[in-house]
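Me: I'm new to this structure and would like to learn how to read it. Could you walk me through a few features?

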2 protein chains.
Amino acid sequence: MRDTRAELLAQAEILVRGRGYSGFSYGDLAEAVSIRKASIHHHFRTKTDLALALVEAYDARYDAALAAIVAAQPDAIARIEAYGRHYLTGVENGLGCLCAVLAIERDTLPDALRAELARFFDKHIAWLERVLAEGCADGSLRPGLDPAATARMVVATLEGALMLERLLAGSAGFRLTLAALCESLRPARTG
Amino acid sequence: MRDTRAELLAQAEILVRGRGYSGFSYGDLAEAVSIRKASIHHHFRTKTDLALALVEAYDARYDAALAAIVAAQPDAIARIEAYGRHYLTGVENGLGCLCAVLAIERDTLPDALRAELARFFDKHIAWLERVLAEGCADGSLRPGLDPAATARMVVATLEGALMLERLLAGSAGFRLTLAALCESLRPARTG
DNA sequence: AAAAATCTACCTACTAGATGGTAGCCATAA
DNA sequence: TTATGGCTACCATCTAGTAGGTAGATTTTT
């Protein structure tokens, strides 16, 4: 038996990330999953409920990814590069970041959703701040680097590059930005 | 006599930048400008026409701004900081970048509009690349910095920070990222 | 200068289709 | 037997866009 709810989440995510939240409808989703529009309401009572579920699932996947990066990569720069590669898959599939897409429509978003988005980004910033602070401590990062400010900058850069390069040069463009970002964190070459 | 077309452009820009392109309607705009919905079609035949006019006007304002920055600031870092301050006004007013907002809905955008957006961003990247190349030449930037890659990174960072800090910490958060960005471009302190 | 024609900018009234959401029915599986 | 997960059929509202009209300004012709 198929897991309709999971299919709805998967297809809705693709639609939202490609066209924006207002830009996708239950009608589109129904077509993508081949059930009737009204049946979606059985799984997600309102569109807001669906959006919240999307963010929750997306957030959970990132939780796992961040933990995996820390486990696999000992070096701060390698961790940030690995983190950036998650955004890269978005570029490769032509999909924006779910939370960035939703954030764009901030003014019309329900408060609960807006709060979830803020939590999502705050979590990433906090994670990066720890990664950067550790890198500063062990000398693998440019001396004088401010972990708090740089953490915000890293999220901003990757989110911006995903938005930008999905439109412009695709993964080739994204890789340039990711490389420049990592380079800017490294200590100056001595020699 | 009032310039209805200009008022329509101004209000539509605010609406789009706050709620997304699909998230605003001729109905909203009519209310904001206090004319009837049908009358908007007299000035902008279709919603796509309106979007194109919005981008054109936005682009023209940035053209002027970029020229003014080059004229006023001799130093590369100062130029990038001044460029960043234009995004800051967006954060302060709670408005996203018009072109970023539109870019989010890429998959449903008319080709002509998508092409305009690409031209907009390409222009910014090209401008920054020149600024950075000059800064490299006169030694005011970190040695070894790649102007082409860094230009993309700068646009990405500022666009991302605008998206992010409009949701999170406002101008205080944006300023942190802008400072970290400029710091990352400077030559390493000797001492 | 007067009259006629055209243009501008708005209006009311409308359309066809999409939107999110509801009510209630029915088959199947636990 | 009872929940589950679909369905059809609906609803009010909103969507971009059209048709056709009107008052007033501007331009053209006489």
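Reply: Happy to! Keep in mind that this is a predicted model. Let's begin with the protein surface near DNA strand C: by class, that surface has 5 nonpolar, 7 polar and 3 charged residues.

Me: Which residues are closest to DNA strand C?

Reply: The closest are Lys47(A), Thr4(B), Arg36(B), Ser39(B) and His43(B), out of 15 residues that surround the strand. On the DNA side, sugar and phosphate make up 58% of the strand C atoms that come within 4 Å of the protein.

Me: Which side chains have an N or O atom 2.5 Å from a phosphate oxygen of DNA strand C?

Reply: Thr4(B) has one at that distance, and so does Ser39(B). For Ser25(A), a polar side-chain atom lies 3.2 Å from a phosphate oxygen of the strand.

Me: Which helix gives the most to the surface near DNA strand C?

Reply: That is H3(B), with 4 residues. Helix H3 (37-43) of chain A and helix H3 (37-43) of chain B each supply at least two residues there.

Me: How do I read two packed helices?

Reply: Two packed helices are described by the angle between their axes and the distance between the axes. Take H5 (residues 76-92) and H8 (residues 147-167) of chain A: their axes come within 9 Å and cross at roughly 25°. An angle under 35 degrees counts as roughly parallel, so H5(A) is roughly parallel to H8(A). The crossing is right-handed.

Me: Which residues make the contact?

Reply: Among them are Ile80(A) and Tyr83(A) of H5(A), and Val154(A) and Leu158(A) of H8(A). The contact residues divide into 8 nonpolar, 2 polar and 3 charged.

How values were computed: Residues are numbered from 1 along each chain as its sequence is written. Chains are lettered from A and ligands numbered from 1 in the order in which they are written. This is a predicted model: local features need pLDDT of at least 70, side-chain atom pairs count only at pLDDT 80 or more; totals for chains, interfaces and linings use all residues. Side-chain values use heavy atoms; hydrogens and water are left out. A residue is near a molecule or strand if one of its heavy atoms lies within 4 Å of it. A polar contact is a pair of N or O atoms within 3.5 Å; within protein, one must be able to donate a hydrogen and the other to accept it, and residues adjacent in sequence count only if both atoms are side-chain atoms. Ala, Val, Leu, Ile, Met, Phe, Trp, Tyr, Cys and Pro count as nonpolar, Asp, Glu, Lys and Arg as charged, and the others, Gly among them, as polar. Axes are lines fitted to C-alpha atoms, for helices over the stretch in contact, and angles run from 0 to 180 degrees between N-to-C directions. Angles under 35 degrees count as roughly parallel, over 145 as roughly antiparallel, 65 to 115 as roughly perpendicular and the rest as oblique. A crossing is left-handed if the near helix is turned anticlockwise from the far one by less than a right angle, and right-handed if clockwise. Contact means heavy atoms within 4.5 Å.
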